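Welcome, and thank you for taking a look. Let us walk through this structure together, beginning with its charged side chains and then moving on to its empty spaces and one of its helices.

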Amino acid sequence: SVSAFLLNRSSDLRLGMICSIISNFFIAFGTFWTKIVQINYPNDFKTIQFLFLRSISIIFFALFHTYITKVPLLNPMTIKLKLWFFIRTNVNFFGVCSFTLCLWYLRSSTAQIIFSLSPIIVFILSHFFLKEKLYFRYAVGTIICITGSIFIISNEQKSKEIASEKNKDFNDILIGTTLGVINIFCVASVMTANKVLVNNKIPIGTQMLYVGISTFFYSVIFTIIFRDVCLKLGFLILCLFHGFFFYLGNFFANEAYKRIEISRVIIFSYLQTIFVIILSLLFLKEPIFGTDILGFCLILGYLVYNTLNPLEKK
């Protein structure tokens, strides 16, 4: 009946939103965890080795997940959407690499803010490739959240001054921002590809297995070229454990994509900003300013409103 359909649709919408929130928490925690690794091993942290170790745990969790769920892995050669599959499994490496490097130059919260600008690109890609409607409310919400992001980004200079790093402020911010922009385009293309694959029933285990494999081989190539590795046990364990958060973030995002449009999912990415700020404040003792609070309120205010008053799919 119509009422049963609407009830089921409403249930899917709520569950999709919950999965989006959980996904963004784990992604934000991964950002926070990366900063923890960098702080504890400032002279040993190497981005490529970090990604290499993380890829091993991603492969492990993909195989373990596949074993538990009994969902068979697909042969990439049998997947018709080869371009989207290639984007999903390969571009991720370069996005994570640029974002990890970005964390060297900016506060973790600021790096996350720049990352949160990716919805603009995702909205455009989803409209042209997924034929999703561009809702006016999401455009307004994006502007509100970007405004909040700008308020927080403006504190980067203050944070550097407190950390007594005045001599390299401008260069740090310029390099970090450039890396962040590269990451934005990588993330937007990966998210769009992910949604396309979900729409075509490509299992998350298959997606993540080949994400791990491609990252593994890219990392090996770069490691052979630069030959710079750290064999400290603590460093190895921290890097391996990061893959757990990455996998969980992708798993719950995948569950959200099954239930709601990517335009609904991506708006929740702004929660990562909130989560990272809270984690950084509590555990890293990173400074927080009045405009941080203002930006925080703008972003959270819109998300709360949008969640309590969701747009129904027509």
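A good place to begin is a network of salt bridges that links Glu255, Lys258 and Arg259. Here a salt bridge is a side-chain nitrogen of Lys or Arg within 4 Å of a carboxyl oxygen of Asp or Glu. Before going further, please keep in mind that this is a predicted model, in which local features need pLDDT of at least 70 and side-chain atom pairs count only at pLDDT 80 or more, while totals for chains, interfaces and linings use all residues. Residues are numbered from 1 along each chain as its sequence is written, and side-chain values use heavy atoms, with hydrogens and water left out.

Back to the network. Glu255 meets Lys258 in a salt bridge of 3.0 Å, N to O, and Glu255 also forms one with Arg259, where the closest N and O atoms are 3.1 Å apart. What separates these partners along the chain? Glu255 and Lys258 both lie in helix α10 (residues 233-259), 3 residues apart, which is about one turn of the helix. Arg259 and Glu255 are 4 residues apart in α10, again about one helical turn. An α-helix has 3.6 residues a turn, so residues three or four places apart point the same way. Helices in this text are DSSP runs of H or I with at least four residues, numbered from the N terminus, and strands would be runs of E with at least two.

How covered are these side chains? Residues are called buried under 20% relative accessible area, exposed over 50%, and partly exposed in between, using a 1.4 Å probe and protein chains only. Glu255 is buried at 14%, Arg259 is partly exposed at 21%, and Lys258 is exposed at 52%. Elsewhere, Arg264 pairs with Glu261 in a salt bridge whose closest N and O atoms are 2.6 Å apart, and both of these residues are buried. The search of the whole structure finds 4 salt bridges.

Now for the empty space inside. Rolling a probe the size of a water molecule over the atoms shows where empty space is left. On a 1 Å grid over the protein atoms alone, a cavity is a set of points where a 1.4 Å probe fits but cannot get out, and its lining residues have an atom within 4 Å of a point. Grid points are joined across faces, edges and corners, and a volume is the space filled by probe spheres set on the points. The count comes to 2 cavities of 30 Å³ or more, and the largest has a volume of about 610 Å³. Of the 34 residues that line the largest cavity, Ile27, Phe115, Val187, Phe246 and Asn250 are the closest to its centre. Helix α1 (2-40) gives the largest share of that lining, 8 residues.

Our last stop is helix α12 (residues 271-284). Its 14 residues should span 20 Å at 1.5 Å a residue, and its end C-alpha atoms are 19 Å apart, which agrees; the expected span is 1.5 Å times one less than the number of residues. This helix is mostly covered, with 10 of its 14 residues buried, among them Leu271, Phe275 and Leu284. Lys285 follows α12 and has a positive phi, near 60°.

Definitions and conventions
1 Å grid on protein atoms, 1.4 Å probe; cavity = no way out; pocket = protein on both sides within 12 Å on 5 of 7 lines; lining within 4 Å.
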